[in-house]
Amino acid sequence: MSHSDSPRLLVYGAYGYTGRLVVERAVAHGYEPLVAGRDRTKTRGVATAHGLQARPFAVEDAADHLGTVDVVLNCAGPFDQTADPMVDACIETETDYLDITGELQVFERIHRRGGDAEAAGVTLLPGVGFDVVPTDCLATHLHRRLPDATHLSLALESEGGVSPGTLKTMLSDIGSGGAVRRDGDLRFEQIGARTRVVDFGEGLRRAISIPWGDLSTAYHSTGIPNIDVYLSLPKNARRAFSLSRYAGGVLDADQVQRALSWLVDQYVEGPDEAARSAGEAHIWGEARSSNDRVVSRLRTPDTYRMTVRTALLVAEKVLDGEAPAGYQTPASAFGPDLVLEVPGVERVDLNGDEVVREESTAAE
Ligand SMILES: NC(=O)c1ccc[n+]([C@@H]2O[C@H](COP(=O)([O-])OP(=O)(O)OC[C@H]3O[C@@H](n4cnc5c(N)ncnc54)[C@H](OP(=O)(O)O)[C@@H]3O)[C@@H](O)[C@H]2O)c1
């Protein structure tokens, strides 16, 4: 299938670890995305490897380069630095905006641009990767099961590896502290201030509270006013986390961030194809009301495989004009069952002793 005459997709950050995987899969599925990024040589390298057009530009100049583009998929993170200028450019040029952020404050800022986007007929849909497609779908599924829920808890576990870019983003999030949502407002606190023991389906794990993007997205998708998110850390991140907590107490925060970023560059390589194929992620969710409690779980492929698949699935739907204008979350745009359109995903509902399983029937 060729999509070359179809509406145009531009992948920004296309030579990063995730951007490359996204471009590769898009091409394998017959798309011809425009390949973009701030480094001219690296951008051209990816474009040439796939016979695609290169669009090197700094994110601050994006508005000058989106004229013929229908949808931008921003893979250049940390998104704290790239989302705002790209969102401005998208609203100005009436281009739909997608990214793979998981950063809480980025979601909150993009949410505030929803009115301008709606007026321009533009969709702003951040978080089309592993953060937060499965978690947002699980949150809305739990809300569908218990519509009067007042409390939502989500927990994640991934034993696959982590890429340098993701680890740097996690470390800068750790630097800016943790959060929970209470009575509809974000409340900031120390990261890891809460712990919870969670059964992801393979025994109990201890998880720590983290300021995951769902504190924004799940609130906007479900309206549930009290939300906590927990993470059971993968091994290489666990080491970096303890180091950053230790160092954060005794050194200047910027110096610590710089030192940790350098360490990440020296010692961390992203997971290879074998690790991505073998890896799995687990998500657990619980919704509570004053007199009821429901629990559901998701099992998904490795976070990077998942990110590439969800990002392209959503991009395809947005290119097809299926997304409403204005600010959207994955599930507000496409419903809680979106995640079951991804191959290899299983959803389990626990109802007392009864276990209800649903599996994605989508082909690879
Ligand atoms: N949603 C998810 O589940 C998910 C999954 C994977 C990754 N992520 C997130 O996606 C981001 C990328 O991860 P990765 O592993 O692909 O990282 P990576 O390999 O380090 O790639 C990052 C890319 O972003 C570009 N970039 C960074 N800052 C930029 C800026 N200010 N202006 C223009 N380009 C900029 C980099 O270009 P230079 O090399 O020129 O700096 C590079 O192309 C991270 O924030 C990560 O947390 C999310």
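# Briefing on a predicted protein model

Arg 144 touches Pro 336, Asp 337 and Arg 347, when residues up to four places away in sequence are not counted. The model in which these contacts appear is a predicted one, and the protein it describes has 364 residues, of which 55% are buried. There are 13 helices and 17 strands in the protein, and the points below take up some of these elements in turn, beginning with the helix that holds Arg 144.

**Helix α6 and its surroundings**

- Arg 144 belongs to helix α6, which covers residues 133–145, and with a relative accessible area of 42% this arginine is partly exposed.
- Between Arg 144 and Pro 336, one of the residues it touches, the separation is 192 residues in sequence but 8.6 Å in space, taken from C-alpha to C-alpha.
- Leu 142 also has its place in helix α6, yet its relative accessibility is 0%, so Leu 142 counts as buried, the term being used for values under 20%.
- Leaving aside residues up to four places away in sequence, Leu 142 touches Leu 152, Gly 285, Glu 286, Ala 287, Val 294, Val 295 and Ser 296.
- Leu 142 and Asp 349 are 207 residues apart in sequence, while their C-alpha atoms are 9.1 Å apart in space.

**The antiparallel strands β7, β13, β14 and β16**

- Strand β13, made up of residues 280–288, is mostly covered, since 7 of its 9 residues are buried, that is, under 20% relative accessible area.
- On one hand β13 pairs with strand β7 (residues 151–158) in the antiparallel sense over 8 bridges, and within this pairing Leu 156 has Ile 283 of β13 as its bridge partner.
- On the other hand β13 pairs with strand β14 (residues 293–301), again in the antiparallel sense, over 9 bridges, and these two strands form a hairpin with 4 residues between them.
- Two of the bridge partners in β14 can be named here: Val 295 is the partner of Glu 286, and Thr 300 is the partner of Ala 281.
- Strand β14 is itself mostly covered, with 7 of its 9 residues buried.
- β14 also pairs with strand β16 (residues 346–351) in the antiparallel sense over 5 bridges, where Val 348 in β16 is the bridge partner of Arg 297.
- In a regular strand, side chains alternate between the two faces of the sheet.

**The parallel sheet**

- An open sheet is formed by 7 strands in the order β3-β2-β1-β4-β5-β6-β15, and the pairing in this sheet is parallel.
- The edges are taken by β3 (54–56) and β15 (326–327), each of which has a single partner strand, so that one side of each is left without a neighbour in the sheet.
- Within the sheet, strand β4 (residues 71–74) and strand β5 (residues 96–99) run parallel and are joined by 4 bridges, with Val 72 standing opposite Tyr 97 in β5.
- Helix α2, which covers residues 40–50, lies across β2 (34–37) and β3, and runs at about 165 degrees to β3.

**Aromatic rings and a charge over a ring**

- A search of the whole structure finds 2 aromatic pairs, one of which is formed by Tyr 17 and Tyr 304 in an edge-to-face arrangement, with 5.0 Å from centre to centre and 80 degrees between the planes.
- Because Tyr 17 lies in helix α1 (residues 17–28) and Tyr 304 in helix α12 (residues 303–319), this pair ties together parts that are 287 residues apart in sequence.
- The two tyrosines are covered to different degrees, for Tyr 17 is partly exposed at 25% relative accessibility, whereas Tyr 304 is buried, with a relative accessible area of 5%.
- The charged end of Lys 317 sits over the ring of Phe 334, at 5.7 Å from the centre of that ring.

**The protein as a whole**

- Among contacts in the protein with a separation of 6 or more, 69% are accounted for by residues that lie 24 or more positions apart.
- The protein exposes about 15,500 Å², and carbon and sulfur atoms supply 46% of this area.

Definitions and conventions. Residues numbered from 1 in each chain as written. Predicted model: local features only at pLDDT ≥ 70, side-chain atom pairs only at ≥ 80, totals over all residues. Heavy atoms only, no water. Buried < 20%, exposed > 50% of the residue type's maximum accessible area, 1.4 Å probe, protein only. Contact = heavy atoms within 4.5 Å. Areas by Shrake-Rupley, 256 points an atom, 1.4 Å probe, with all protein chains shown as cover. Pairing = 2+ DSSP bridges. Axes fitted to C-alpha atoms, helices over the stretch in contact; angles between N-to-C directions. Phe/Tyr/Trp six-rings, centres within 6.5 Å; stacked < 30°, edge-to-face > 60°. Lys NZ or Arg CZ within 6 Å of the ring centre and 35° of its normal.
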